[in-house]
Every structure is written in C-alpha cells, then in structure tokens.
Amino acid sequence: MPDERGARNDGAVVSVPASGSDDRRAADDKRSAADGRVGQARDKGPTGIHAVIERLRVLSDKVAEILPRPLDPVRSIKLKLAILMLCAGGIAFGFFRIKIGWLPPKTTLAAVGIALVTSQFLAHGITRPLREMTAAAKRMAHGDYTRRVRATSRDEVGQLAEAFNQMAADLAAADQQRRDLIANVSHELRTPITALSAVLENLVDGVSEPDPKTLRTALAQTERLSLLVSELLDLSSIEAGAFPLDRESLDLAPLLAEVVAEADVAAAALGRGVRFTTDVRPSTVTVFADRARLHQVLLNLLDNAARHGPAGGEVRVTARRQSGKLVIEVSDDGPGIPSAERARVFDRFTRGGRTAGGGTGLGLAISRWIVDLHGGTIAVADPGSRIRVVLPGH
C-alpha cells in the first residue's frame, strides 16, 4: 500500500501520494538549475562581447602600426586629399571598366577634375585652422601668447582648435603670474634689505649708536626678510605638490590658546594694543588635521586681523561644530574687505587694498592652499571683517 500524507481542509481529509510530491520537487529543482544556467550565460554575454571588442581594437591598432604610410612625405594636406581623390577615383573607374567593358574618357576626366576642384575648395576649411595653429605655436615659442585660432567647426579639427586656444590662454595667464611673482618678490625683498642696509650703514659711519633701539630695528627687518623667504619656500612646496600633511586628532581649544598667545606677543611688538578673545563650543571639540599647518593658518588669520583692524580693537575667534563640520571664524572691528576685493585677498601679494602696515602678502594665499589640502574652504564672510574657515569633520 503506497504511503500517503493527509492534509485537513474544511474538515475533509485529502490524501496526496508522496511520490507525486517528490516528482514535482525534482522538476522544480531542475527548472531552477536551468534558470541559473541561463542567468549565468546572460551575465557572461556582455563580458564576452566586451572581450571580443577589446581584442578587435587591439588587433586594429597592431594592423595600423604595420600598414604603410605612403603619403607622409607630402607636406600639404590639400595635396594629400587630391592624391586620395585620384587614387579612389582611379580604382572606382577601373572597376567600372572591368565590369562594363567601356568607359567614356571625357566624362571620366571631367568627373575626376570636378572631384579634385571640389575637394580643394572644401579642404580649405580643414587646413586653415591647422596653419593658424602652426603660426600661433611659432609665436608662442618667442613669448607671444596673444594669437588665437578661429574655431567654428565641430569636428576633430575644431575641437583641437578650441583646446589650442584654451592652452594659449592658460599659458598667457601662467606667464603673467610668473612676471607678477618676480616683480612682487623683488619689491618685497628690496624693502627689508634697503632698510637693513640703511641701519647698518648708519652704524658703520657712526651716525647711529648700536643701542637697543637701533639693533631692534635691524632685527625686525631681518625677521621680515626671513619670514618672506620662509613663506616663499612654503608656497613653492605647495605648488610643486611636495607639501605632505601629518594629520591627527587635535583638541582645538588648547591649539587656539597657543596661537592666541603667540599672536598677542606679535601684536604687542607692533604696538597695536589688540585684544584677542576665543569662544569654542563645545570646549571639547576636536579636528582631524595637521597640527603645524593648522597652527600656521590660524596664526596668519590672527596676524592679518591684528594688522588691518583698528589699534586697540578686538580680534574674536569662534569655533562651532555645524552639520558635522568645524567652522572657525576670525573677525575684527575694522571696516572689512569690500565685496569687489574679497575674491582677490587670497591671491599672492594681495593685501586687500592696503600697502602700509601689512605683512608679506603671502599669508592668506598659503592659508588657502593649506585649507584646500585639508578638504575645507576659506572665504571672507559678511560684513567683510570676518574670515570663515570650514574644515571637514573627519
């Protein structure tokens, strides 16, 4: 008697042979296995097609390297196009002659002549940008970056012309920056050297006595010269990409206390009488940054605020955790930077329109580089006397 399994449904007992259930289960397993094989084949399909396309691409590159280039000695693209038209037309007419058995000579020559004239007329728009790029490149070799190429086509030559114009503009900007850097560095170096030379000359000639006041003046000019050289080296290292960061988790409050103490001494030496206040909330806030570089950024900002704010004023430093980021703001009681100059204050040798009593003009530029390396942002905030630094939380 076959084994039966009972299932109660609405009070009735339904008997189902166990062997039938086993057969259906086996059929389902086979169907699942088949679907799995189809899915695997479907998954492998695109990969196989991509592999075939890649092999064809490699093969075409190898064939292109082997194929001869008989038109390389020809120095004109228009002449190359004419030769191409002659060869293609000759082969086509030869094929017609073989298949038809007869070819009208005058019509054939007229067709070839029309094709050559048309190709030369149309080739003018192709070759003209190339000739302009050649002439502009020769002028760039002599330092003239003002030449531009007319880029009206949308083909590869037009894209090349647009890229060439962009390259020319970038080279012109880089050359202007180099000239400005040399002029600014020369000016910044000349000022402390001239002052130091005058002090030493007075000491040698006996005009001045080597008293503490005179020596303090000479020391101040020497320190200014040393600071400029140090900042130039930092700027050179940053632009060369050789400015590694040694990041660690830092407690911000103690770091700000150190920076404020150092800035207070510098402001007292300048006779500014500036007061510094800090407000860090929460007091246990931390930041993941390079300690030495972040110290440099904060000191530059405090020194900038102390120099450009009013004498006897207050410089305020606040730090807040907002949306997972650390926001540090340094503000003073000064009139602030005008809106038109806010984008330029982070450029090299820019002092926000002030020439007297300023630093070297490199502090904010270096600060922007360091903040960028940390993945943060730095900008002038309203009312213009506030610098805001935003650093990532991790």
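In this predicted model, P383 sits in the loop that runs between β8 (377-381) and β9 (386-391). Look at the bond just before that proline: D382 and P383 are joined by a cis peptide bond, with omega at about 10 degrees. There is another cis bond to look at, between R281 and P282, where omega comes out at about -10 degrees. P282 also belongs to a loop, the one linking β4 (275-281) and β5 (286-290).

While you're checking backbone angles, have a look at S323. This residue is not a glycine, yet its phi is positive, about 55 degrees. You'll find S323 in the loop between β6 (314-322) and β7 (325-331). Is S323 buried or exposed? Its relative accessible area is 80%, so S323 counts as exposed. A positive phi also turns up at G375, near 80 degrees, following helix α8. As for α8 itself (residues 363-373), its buried residues are G363, L364, A365, I366, S367, I370 and V371.

Now for the inside. The largest nonpolar core has 42 residues, and the ones with the most contacts within it are L252, F276, V287, L301, L302, L326 and I328. Take L302 and skip its neighbours within four places in sequence: what remains in contact with L302 is V259, V260, A263, F276, V315, V317 and V330. Apart from that core lies another one, made of eight residues, including M133, M140, Y145 and V149.

Over to the surface, where V52, L56, L59, V63 and L67 make up a nonpolar patch. Together these residues offer about 440 Å² of accessible area. V63 is part of helix α1, which spans residues 18-66. A bit of helix geometry is handy here: with 3.6 residues a turn, an α-helix has residues three or four places apart pointing the same way. How accessible is V63, then? Its relative accessibility is 38%, which means V63 is classed as partly exposed; joining a patch takes over 30%.

Finally, the aromatics. How many aromatic pairs does the structure hold? There is one, formed by F95 and F96. Their ring centres are 6.4 Å apart and the planes make an angle of 55 degrees, a tilted arrangement. That label applies because edge-to-face needs planes over 60 degrees apart, while stacked needs them under 30. Both partners are partly exposed: F95 has a relative accessible area of 48%, and F96 has 39%.

Technical notes. Residues are numbered from 1 along each chain as its sequence is written. This is a predicted model: local features need pLDDT of at least 70, side-chain atom pairs count only at pLDDT 80 or more; totals for chains, interfaces and linings use all residues. Side-chain values use heavy atoms; hydrogens and water are left out. Patches are made of residues with over 30% relative accessible area and no salt bridge: like charges are joined within 9 Å, nonpolar side chains (Val, Leu, Ile, Met, Phe, Trp, Tyr) within 5 Å. Accessible areas come from the Shrake-Rupley method with a 1.4 Å probe; for residues, only the protein chains shown count as cover. A salt bridge is a side-chain nitrogen of Lys or Arg within 4 Å of a carboxyl oxygen of Asp or Glu. Helices (H or I, at least four residues) and strands (E, at least two) are DSSP runs, numbered from the N terminus. Buried means under 20% relative accessible area, exposed over 50%, partly exposed in between (1.4 Å probe, protein chains only). A nonpolar core is a set of buried Ala, Val, Leu, Ile, Met, Phe, Trp, Tyr and Cys residues joined through side-chain atoms within 4.5 Å. Contact means heavy atoms within 4.5 Å. Rings of Phe, Tyr and Trp (its six-membered ring) pair if their centres lie within 6.5 Å; planes under 30 degrees apart count as stacked, over 60 as edge-to-face and the rest as tilted.
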